[in-house]
Amino acid sequence: MMVGRRSRLNRFLTIELSMLAIIAFGLGPYLWMVLTSIKPEELLFRLPIDYWPEQVTLEHYVRLLSKANFLENMGQSLVVAVGTVCVGLSLSVTAAYSFSRFRFPGRRFLMLKFLVINMFPVVLLIIPLFVVMRKLGLLDTYFALIIAHSTFSIPFATWMMTSYINTIPVSLDEAAMTDGCTRLGAMWRVVLPLCLPGVVATGIYIFITSWNEYLYAAILAGQNVRTITVGIQTLIGEFEIEWGLLTAGGTLGALPATILFIVIQRHLIEGMVAGAVKR
Amino acid sequence: MRRLIASVFAGALLFAGFGANAEEEVRFWFHFDNPDNPISQLVSKFEQENPGIKIKAENIPWNTYYEKLNTSIIGGNPPDVAMVKLFALPQLLEMGALHPLDDHIASWDGKADIQDELWELNRASDGKNYYMPLQYVVLYLYYRKDLFDQHGVKVPTNREEFLEAAKKLTLDTNNDGRIDVYGFGMRGAKGGHDHWATFVLPNGADINKEGGLLTPEAIAANQWFIDLHRVHKVFPPSAPNDGFKEITGGFKAGRTAMTIHHIGSSAGMVEALGDKVSAAPVPQGTQGAWTAFGDESTAVFSASKVKDAAFKWVAFLSSGDNNVEFNKASGQLPVTKSGSAEWTLHEKRFVDATVASLPFARTLPAKPQTSEFVGSSWPTNMQRALLGEISAEEMLRNIDNLYFK
Amino acid sequence: MGMTPRRYRRRLPVLPYVLLSPVVLVTLVIIFYPMLQAIWMSVHDYIIWKPQDIRFNAFAHFVTAFSDEVFWISLWHTAIWISLTVSLQLALGFAAAILLNQDFPWRALARGLIIIPWALPSVVIGLMWSWVYDPNYGVLNDFMLRFGLLTQSMPWLANPDTALYAIILTLTWQGFPFFAVMILAGLQAIPSSYYEAAELDGASRRQQFWHITLPSLKGVLVTAVLLRIIWVANSIDVIYVMTSGGPGYATHTLPLYAFLRTYTAMDFGYGSALAVLFTLMLLGVVVLYLRRAGRDVT
């Protein structure tokens, strides 16, 4: 009994308290945004600052959802982000498997080449890319954004996946292949389940990268396909920032990735169980 | 029932039109501070009046409006019509992106209703008109009437009175040793060149002429402006990084007693401050006054394949009631004589200040470099001067170099 | 055992190329072709509104850059920007990952909440944080004045001595969840049998951390840091929203300077040259880094 209580107190002081501190730092500005989004517009700039809104209103959310097509934008962002995760993850997992398991001429060069992709400032690539997309007839389509976003997340995703796959012993692939699996079968049945946490983390990375991307979404698309970042940007005008709508949009915009992560985070533990079994 | 038949019929026509290519589509790019998408009503009204023309209106975020427009022009896929500002005209012209509207305008019956000064202001350096006026604002001085009355300060009409008012209204209201109200909310970030120009240009500084900014009078005027911050400290300390959201926010929060902006923000100011806010033309310099003319026009692009239809839409937006509707949504002022005559959207004191400022409303030089002046040269040099990193003269020399090197 | 791997190895070279070809093809079209164009622009006088005046100028832009004061200022800021931001993100993200890997009742919720800063669009982050920092009606000054940490409001973003660090704090906030998630995933891949064996040998928690956790995480850490360096180096949207590089040049980084030259002055030639220089330097840093830290990663 005593021991249990003391260790619980101990856990609270060491782990939960530090966790709370980090979460307070992480959530502070977000909470400030949530509070702003439920204040009436005319009270936003009142001094002294009202930390706790005297009056609570949902008008910004109602306006955002009814007039500003926000749900539609979110849906389109979701299509782009999910599409990017599918394309990006499948391409980067196979690429990472090659990098991790094979030694072949040009391997180091290719890996470095992948990194260079993310080193060049994107703003200078946009005009040539616009021309490419126009020639392919892809301007303002889902496909254009999915391809562009995938290309930009693949290098990082491949590198991350390579380092996760590297932690899985090669002997496991070989064992699977002596049992009659093909190379790809070994990857699919043995290696991937073991580095599921890595796949999940990389998937989250790709999802968020695509979800938050603005420049391509604005310039290569924007009308037929209008992502949430473009939608939110239209609330920032030349002479007026719609703070109410903007904060409401930001509050809602952060939710899909967060919910997604809460739902799939337990797969981060499944990896541990598998890891225990693996030898 | 009739409507149903009509819409089925219209649908069938649309379908047929698709194959026969009888229907013309006009792509229109605009940016709008009002997210409620009021333009859709104007679009449907136009489409009803002009069967066979469809308007595809695209709301482009202001932050990257010109990046997107320039990319689309260079990339070979510009819209047919776009909302544009005068500062971009010289560059668009150099790029050969615009279609001259003079022939269309000559035969347009709404021509006479547009305010005459606007045709002049919009004329390009080659004497042609590429821009159709759409809306405008003029910058004026916002001030806190209650604070002015309370401290016995009168509304400044020249630089000396301005300095005196600003000093008197830089206040520690609760005697805690901290300044709570600053005399003037100065915009030191991008877009603040209008504040600077008001206090510097009409004092013997000519930005249109090589060396015109390097006269002793010009340097003294710039020094005077910098001293407002460095010596008299009548700007909030954050002034070097303040943009429009900080100057309007600071004014609304009661942190500043004066600032310079236009009628587009009056509704928000009144919402926050009620009768405590009023407006007047900006203070004069030694050689008259200078205030910024804030413009917005529409232009037809030379790459458009439907120029006639495009002009119909351009003309539609700038005529009579349509222009009034447009400006009700944008919060700016109509460009037609008929529309201005019965304008009721803004409170009278702000309209009066605007109208009184029109005679000395100016624009920046119609040169391609103006875009860089606005976007990076002015803010960087002004900020460095306000922080004491460069002198008033160095700042002016850098601007002179930008335009005339 | 000895036979099988060798046989596979001899047959292999085809398969990795097959697996990699889609990725390589896509990146060639989407990135490398545009990049070649940008390199072409960097050796030309190329001002967008002067289409008649496009001329080959060899390396004139690069020479200009080396005598351009702003280039050096921006380079210095880029170095501070990358090293501080990445190390702060790493420290905070590492701590968060270790904590999130412990067992406590609201762990699932904590894991979800931790990624919120990362899940927000940069423009929202930039605007919210400039509001937080605002000296007139911002929360930070209000807090610090209330608790007596300041006697006068501090214009964090308008003061050239604090502006860069204020933005670094914002970017730390935005990016630490990336490290937390990546490291958390890396922690799972460490077989629990290692810890069980260590426990049997009587190793303390601390020893387990230094001798098992850290070495096992090395590959993931080295890669995550590498990727973050590249990402942070290129991230300009938050800076652009918060200060546009100001006051003066106080928050100019090289990619931001390249962007400003390109899009406000429409000088694509010089802007591209800055971008090429920046990429080459970053590549140098990355190659050095991989030489030193990344032997077991590549």
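**Exercise 1. State why D140(A) is classed as it is: buried, exposed or partly exposed.**

Solution. Step 1: count neighbours; D140(A) has 16 other C-beta atoms within 10 Å. Step 2: apply the cut-offs, with C-beta atoms placed from the backbone: 20 or more other C-beta atoms within 10 Å of its own make a residue buried, 12 or fewer make it exposed, and anything in between makes it partly exposed. Step 3: D140(A) is therefore partly exposed.

The model is a predicted one, in which local features need pLDDT of at least 70 and side-chain atom pairs count only at pLDDT 80 or more, while totals for chains, interfaces and linings use all residues. Residues are numbered from 1 along each chain as its sequence is written, and chains are lettered from A and ligands numbered from 1 in the order in which they are written.

**Exercise 2. Find where D140(A) sits and what is notable about its phi.**

Solution. Step 1: D140(A) belongs to the loop between α5 (126-135) and α6 (142-166) of chain A. Helices (H or I, at least four residues) and strands (E, at least two) are DSSP runs, numbered from the N terminus. Step 2: its phi is positive, about 60°, although D140(A) is not a glycine. Step 3: most residues other than glycine have a negative phi.

**Exercise 3. Treat A58(C) in the same way: give its phi, its loop and its exposure class.**

Solution. Step 1: A58(C), a residue other than glycine, has a positive phi near 50°. Step 2: A58(C) is placed in the loop between β2 (55-56) and α3 (60-66) of chain C. Step 3: with 9 other C-beta atoms within 10 Å, A58(C) is exposed.

**Exercise 4. Describe the fold of chain A in numbers.**

Solution. Step 1: chain A has 14 helices and 0 strands. Step 2: its C-alpha trace spans about 75 × 70 × 30 Å along the principal axes. Step 3: 54% of the 279 residues of chain A count as buried. Step 4: two residues are in contact if their C-beta atoms, placed from the backbone, lie within 7 Å. Among contacts in chain A between residues at least 6 apart in sequence, 77% join residues at least 24 apart.

**Exercise 5. Describe the side of chain A that touches chain C.**

Solution. Step 1: 82 residues of chain A are in contact with 82 residues of chain C. Step 2: helix α1 (residues 2-37) gives the most to this side of chain A, with 13 residues. Step 3: by class, this side has 55 nonpolar (Ala, Val, Leu, Ile, Met, Phe, Trp, Tyr, Cys, Pro), 20 polar (the others, Gly among them) and 7 charged (Asp, Glu, Lys, Arg) residues.
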